[in-house]
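Q: Please look closely at the nonpolar core of this protein and at the salt bridges. A connected account, suitable for a first-year student, would be appreciated.

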Amino acid sequence: NEVACKPPLEELNELIGLHTVKKEIDNIVNFATVQKLRKEKNLPTTAVSYHLVFTGNPGTGKTSVARIIAKIYKELNILSSGHLVEVASSDLVAGYVGQTAIKTQEVINKAIGGVLFIDEAYTLIDENGQGFGQEAIDTILKEMEDHRDNLVVIVAGYDELMEKFISSNPGLKSRFNRYIHFEDYGPQELYQIFISLCEKNKYTVNEDA
């Protein structure tokens, strides 16, 4: 597979648009590379969180970028396998007290060594007073601590709702302090995406179309 052989940074840079996102990831990579070199030379390193908050509308490339970040983190030895486990809150929460922790734990076990990507993470906020979402958050925070050397969590969703989600819990606020905003694609970028999909699937677009 040609795409699988590409270096992840090259894969990232080939994505259409996402200029701010690419710049932010470039900053993370540069910092992590310096830390890696310092560690190899037995110099003091800076403790840093590699967990991320992705904000923006659906369809702006968040999952694709999360998958590439998992591979980048593997190259930098931040993670051991660099795979992505993508979930929604319904994959973490069960309808009975005590069951959510078990369900969340099973998901996290699959993600260890890679990235756990939680889309629309703000739906875990306990609005109905049943506490199941909070049970999932508590389990995630504990596992992030226990596996801090081999698990990265990326939470994603709409800007304001993600701000509310992170602010709802001191544990979340202390671990998630780097935000990457995904802008909506402009008309020209959407056109480029359409053309690239056509080329990938061996369609030709005539001038009239």
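A: Two residues are said to be in contact when heavy atoms of the one lie within 4.5 Å of heavy atoms of the other. The model examined here is a predicted one. Leaving aside neighbours within four places in sequence, I154 is in contact with L52, F54, A66, I69, V115, L116, F117 and I118.

I154 belongs to the largest nonpolar core, which has 29 residues. Together with I25, F54, V65 and Y73, I154 is among the members that touch the most other members of this core. Several elements build the core: the helices α3 (19-40) and α4 (62-75), and the strands β1 (52-56), β3 (115-119), β4 (152-157) and β5 (179-182), each supply at least two residues. The largest share, seven residues, is supplied by α4. Apart from this core lies another one, of 26 residues, whose members include V87, L116, L141 and V155. As a general background, nonpolar side chains tend to be buried together in soluble globular proteins.

The salt bridges complete the picture. The structure holds seven of them. One of them involves helix α4: K71 pairs with E11, and the closest N and O atoms are 3.2 Å apart. Because E11 lies in helix α2 (residues 8-14) and K71 in helix α4, this pair ties together parts that are 60 residues apart in sequence. The two partners fall into separate classes of accessibility. E11 has a relative accessible area of 15% and is therefore buried, since buried means under 20%. K71, at 29%, counts as partly exposed.

A second salt bridge involves helix α3. The side chains of R178 and E24 meet with a distance of 3.7 Å from N to O. R178 lies in the loop between α8 (170-175) and β5, whereas E24 lies in helix α3, so this pair ties together parts that are 154 residues apart in sequence. R178 is partly exposed, at 26% relative accessibility, and E24 is partly exposed as well, at 25%.

Other charged residues also deserve attention. K142, E143 and D146 are joined into one network by salt bridges that share partners. The side chains of K6 and E14 likewise meet in a salt bridge, at 2.7 Å from N to O. K6 counts as partly exposed, with a relative accessibility of 21%, and E14 is partly exposed at 45%.

Technical notes
Residues numbered from 1 in each chain as written. Predicted model: local features only at pLDDT ≥ 70, side-chain atom pairs only at ≥ 80, totals over all residues. Heavy atoms only, no water. Core = buried A, V, L, I, M, F, W, Y, C linked by side-chain atoms within 4.5 Å. Buried < 20%, exposed > 50% of the residue type's maximum accessible area, 1.4 Å probe, protein only. Helix = DSSP H or I, 4+ residues; strand = E, 2+ residues; numbered from the N terminus. Salt bridge = Lys/Arg side-chain N within 4 Å of Asp/Glu carboxyl O.
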